[in-house]
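Here are some comments on the model you sent, set out point by point. They deal with the bound ligands and with the residues around them.

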Amino acid sequence: AKSRGRNSIHYFTENMSTDFLKRMEIMRDLRTAVEQKQFYMVYQPIVNLSTQRISKAEALIRWQHPHKGMISPLEFIHVAEEIGLIVELSEWIFNEVSQQVNSWRKRFCPELTISINTSPVQYKNNGAQINAWADSLLLRGIPCEAISLEITEHLLMENQLEAVEALDKVRLHGMSVAIDDFGTGYSSFAYLKDFDFDFLKIDQRFVQNMSADNKDTALCEAIIVMASKLKMSVIAEGIETEQQKQLLIKAGCTFGQGYLFAKPLSVADFEALLVEQNST
Ligand code: C2E
Ligand code: CA
Ligand code: CA
Ligand code: CA
């Protein structure tokens, strides 16, 4: 038992140092990446479950590293948050997405809304960055309804008061706000009391385990009922099968997102879907 213990400690430290080195590398490369704009956005359609119509999409970032290929946002977003690069990076994301949604609204889909994932620090200083976004939209004649902000509970835990005030302002401007990954944090329900969200996104871990009469289905059904009582629309994430879709429709869920409909798409591929939708 003793030697096993030693081995596992050895293994643990080795693991930690690879993780550590990887993080150091990401930190180092991320600064250059932001300067050189080694990023691009992909867009995952959000469909109305009963009509299959696309009127929303979620913008997701991709980092094309010059030597290492694609790096997942799961690996670098939290590093960007830690080293304070997220504000600058998000500024680039917002510019990219707002131009794109404006162009798509004009050419293909006047009611299109694109959601952007936001990080806690963006709500600091009374939400200065987010307020600047609203101003920027107004200046360019882009309706604030074109952009929706996704926020996880993680954010709300970190700075309650500042976040509440910043979010209130954002909603005054007409940007909608979604609570992301609902059900995965410690106090999901408590936040619903203090914040007014327009959309609730059910986390994929509930959706992906749905099958007839199981607990995950019961939980999704209960969340959907609750959301409707609180006047929020529900978006189910990570729908991969027709059965999950049918169970969600039966439960009264309005919107869905997931590989069953489409993976996150390049600008050209998403645009092709909008064109196709207009011709049918
Ligand atoms: P998220 O906001 O929960 O985004 C959903 C993730 O689930 C995306 O992963 C998406 O590709 C994936 N997904 C969508 N449908 C399915 C499905 O049917 N099955 C499965 N297995 N997965 C599905 P992605 O793009 O790797 O993003 C991961 C996370 O990184 C996001 O989670 C979000 O928290 C963060 N992130 C991504 N882009 C941005 C960004 O622009 N800004 C910030 N702050 N965070 C971002
Ligand atoms: Ca999200
Ligand atoms: Ca999510
Ligand atoms: Ca997530």
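**Notes on the ligand and ion sites**

1. In the model, the calcium ion (ligand 4) and the calcium ion (ligand 2) are separated by 5.8 Å. It should be kept in mind throughout that this is a predicted model, and that every distance below is computed from it.

2. The calcium ion (ligand 4) is coordinated by D181 (OD) and D181 (OD), at 2.7 to 3.1 Å, and D181 itself has its place in strand β6. Since water is not among the atoms, a site such as this one may look incomplete, and I would word any description of it with that in mind.

3. For the calcium ion (ligand 2), the coordinating atoms come from E58 (OE), N117 (OD1), E150 (OE) and D180 (OD), at distances of 2.2 to 2.3 Å. Along the sequence these donor residues follow the spacing E-x58-N-x32-E-x29-D. Distant parts of the chain are thereby linked, as E58 in strand β2 and N117 in strand β4 (residues 113-117) are 59 residues apart.

4. A bridge is formed by D180 between the calcium ion (ligand 2) and the calcium ion (ligand 3), and these two ions lie 3.8 Å apart.

5. Turning to ligand 1, the space that it takes is the largest pocket. The elements that each give two or more residues to the shell around ligand 1 are β1 (39-48), β2 (54-65), α2 (73-82) and β6 (176-182). Of the elements, β2 gives the most to this shell, with four residues.

6. Which residues come nearest to ligand 1? Of the 23 residues around it, they are Q44, R62, Q204, E240 and Y259. By residue class, the shell around ligand 1 divides into ten nonpolar, seven polar and six charged residues.

7. Polar contacts to ligand 1 involve both side-chain and backbone atoms, and they can be described one by one. A polar side-chain atom of Q204 lies 2.7 Å from an oxygen atom of ligand 1, while a nitrogen atom of ligand 1 lies 3.1 Å from a backbone N or O atom of I61. At Y259, a polar backbone atom is 2.8 Å from an oxygen atom of ligand 1. As for cover, ligand 1 has 810 Å² of accessible area on its own, and the protein covers 84% of that area.

Methods:
Residues numbered from 1 in each chain as written. Chains lettered and ligands numbered in written order. Predicted model: local features only at pLDDT ≥ 70, side-chain atom pairs only at ≥ 80, totals over all residues. Heavy atoms only, no water. Near = heavy atom within 4 Å. Polar contact = N/O pair within 3.5 Å; in protein donor to acceptor, adjacent residues only side chain to side chain. Areas by Shrake-Rupley, 256 points an atom, 1.4 Å probe, with all protein chains shown as cover. 1 Å grid on protein atoms, 1.4 Å probe; cavity = no way out; pocket = protein on both sides within 12 Å on 5 of 7 lines; lining within 4 Å. Sits in = over half its atoms within 2 Å of the grid points. Nonpolar A, V, L, I, M, F, W, Y, C, P; charged D, E, K, R; others polar. Donors = N, O, S within 2.8 Å, 3.2 Å for Na, K, Ca; no water.
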